[in-house]
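Trainee: I should be grateful for a close look at a single part of this protein. Please set the whole out first, and then treat the chosen part in detail.

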Amino acid sequence: MLAEVVRSGFAESRHRGSLVLLAADGGEVLALGDVTSPVGPRSANKPFQAAAMLRAGAPLAGEQLAVAAGSHAGEPFHLERVAEILAAAGLREADLHNPSAPPLDPVEAEALLASGGRPSRVTMNCSGKHAGMLAACVAAGWPVEGYLSPEHPLQRLVSAEVADATGEPVAHTGTDGCGAPVLAVSLTGLAHAYRRCVLAEPDTPRRRVADAMRAHPEYVGGTRRHDTWLMRGLPGALAKMGAEGVQAVALPDGRALALKIEDGAARAVGPVLRRALRLLGVDGSLPGLLGDAPVHGGGFRVGEIRASF
């Protein structure tokens, strides 16, 4: 049991899950639940997809590389970088094969509709990744059509990157919400992969991705996203969430964690993450917004979602 929802002093709901913590030397500090069976990391795999893009020759750096490795909120500065990646590769929004969707951030989604705009492929949170994948195909001379097929050269490269970073074979290949392949690995493997990113030699693809994400965290998430808050509040930390209650983090000295909420509830991730970082030895410098999950009644705060371990 990783989290409970407390309303007016009464625990009305609970969330089960799994969590693994790694020490700086890679040794296991704590394991709760099943941390060795495969899970779908969803967008927590994006740093390794971005590393594969670089290996294919994609000319990505800085903010563009960060948005290619992120799940952007759909803020204007995100959409500008996605458009830049496409334009530099001689491509258009129509070349993206991710579905149309409103911005991930509710504030941005409301603003889009209020202005008379419509959800598009660019406003979908994975458009940076898809633009980067297309740029990699153009750079490598690979077909743009069919770039999401698991048999495409780019996706084969991504699968090899994930297997090498996690230190284990990909257990299952499925289809993510954006249409790209989602590669299942264990939470232990995922934590080790993030650890390897921050400890990689400078200027290697993984390190270039990690450095871009940490230097430009607002492009990984957004103004109101906890990945951004965490990387801003803990300099040198690498953090990426994934759909269905997944989160991975690595600290600059090699300490790392990965977690999965069993029922996929994103509301439990923040409180569990905050507690996990404390157990990993992170001091009082955690951002105040991280893990604050209030429960409201009648317009007032009457409880909270809190870690239960």
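Mentor: A helix here is a DSSP run of type H or I with at least four residues, a strand is a run of type E with at least two, and both are numbered from the N terminus. In this predicted model, the protein has 11 helices and 12 strands. Its radius of gyration is 19 Å, close to the 19 Å given by the globule rule for 309 residues, so the protein is as compact as a globular protein of that length. Along the principal axes, the C-alpha atoms fill a box of roughly 60 × 50 × 30 Å. Of the 309 residues, 54% count as buried. Among contacts between residues at least 6 apart in sequence, 62% join residues at least 24 apart.

The part I choose for close study is the surroundings of Arg 224. This residue is found in the loop between α9 and α10 (226-233). Its relative accessible area is 37%; since buried requires under 20% and exposed over 50%, Arg 224 is partly exposed. With neighbours within four places in sequence left aside, Arg 224 is in contact with Glu 75, Asp 105, Val 107, Glu 108 and Trp 229. By contrast, Val 29 is 195 residues from Arg 224 in sequence and 31 Å from it in space, C-alpha to C-alpha.

One of the contacts of Arg 224, Glu 108, deserves its own description. Glu 108 is found in helix α4 (residues 106-114). It counts as buried, because its relative accessibility is 16% and the limit for buried is under 20%. Apart from residues up to four places away in sequence, Glu 108 touches Ala 73, Gly 74, Glu 75, Pro 76, Pro 103 and Arg 224. Glu 75 therefore appears in the contact lists of both Arg 224 and Glu 108, where contact means heavy atoms within 4.5 Å.

Helix α9, which comes before the loop of Arg 224, also takes part in an aromatic pair. The count of such pairs in the protein comes to two. In one of them, the rings of Phe 48 and Tyr 194 have centres 5.5 Å apart and planes at 85°, so this pair is edge-to-face. Phe 48 lies in helix α1 (residues 46-55) and Tyr 194 in helix α7 (residues 187-199), so that distant parts of the chain, 146 residues apart, are linked. Phe 48 counts as buried at 1% relative accessibility, and Tyr 194 is buried at 0%. The pair that involves α9 is formed by Phe 77 and Tyr 219, and it is edge-to-face, with 5.1 Å from centre to centre and 80° between the planes. This pair also links distant parts of the chain: Phe 77 belongs to helix α3 (residues 76-88) and Tyr 219 to helix α9 (residues 217-220), 142 residues apart. Phe 77 is partly exposed, with a relative accessible area of 22%, whereas Tyr 219 is buried, with 5%.

On the other side of the loop in sequence stands α10. Helix α10 is among the elements that cover the buried residues of α11, which also include β1 (3-7), β3 (17-22) and β12 (300-307). The buried residues of helix α11 (residues 269-279) include Val 269, Val 272, Leu 273, Ala 276 and Leu 277. After α11 comes Gly 281, whose phi is positive, near 100°.

Conventions
Residues are numbered from 1 along each chain as its sequence is written. This is a predicted model: local features need pLDDT of at least 70, side-chain atom pairs count only at pLDDT 80 or more; totals for chains, interfaces and linings use all residues. Side-chain values use heavy atoms; hydrogens and water are left out. The radius of gyration is taken over C-alpha atoms; the globule rule is 2.2 Å times the number of residues to the power 0.38. Buried means under 20% relative accessible area, exposed over 50%, partly exposed in between (1.4 Å probe, protein chains only). Rings of Phe, Tyr and Trp (its six-membered ring) pair if their centres lie within 6.5 Å; planes under 30 degrees apart count as stacked, over 60 as edge-to-face and the rest as tilted.
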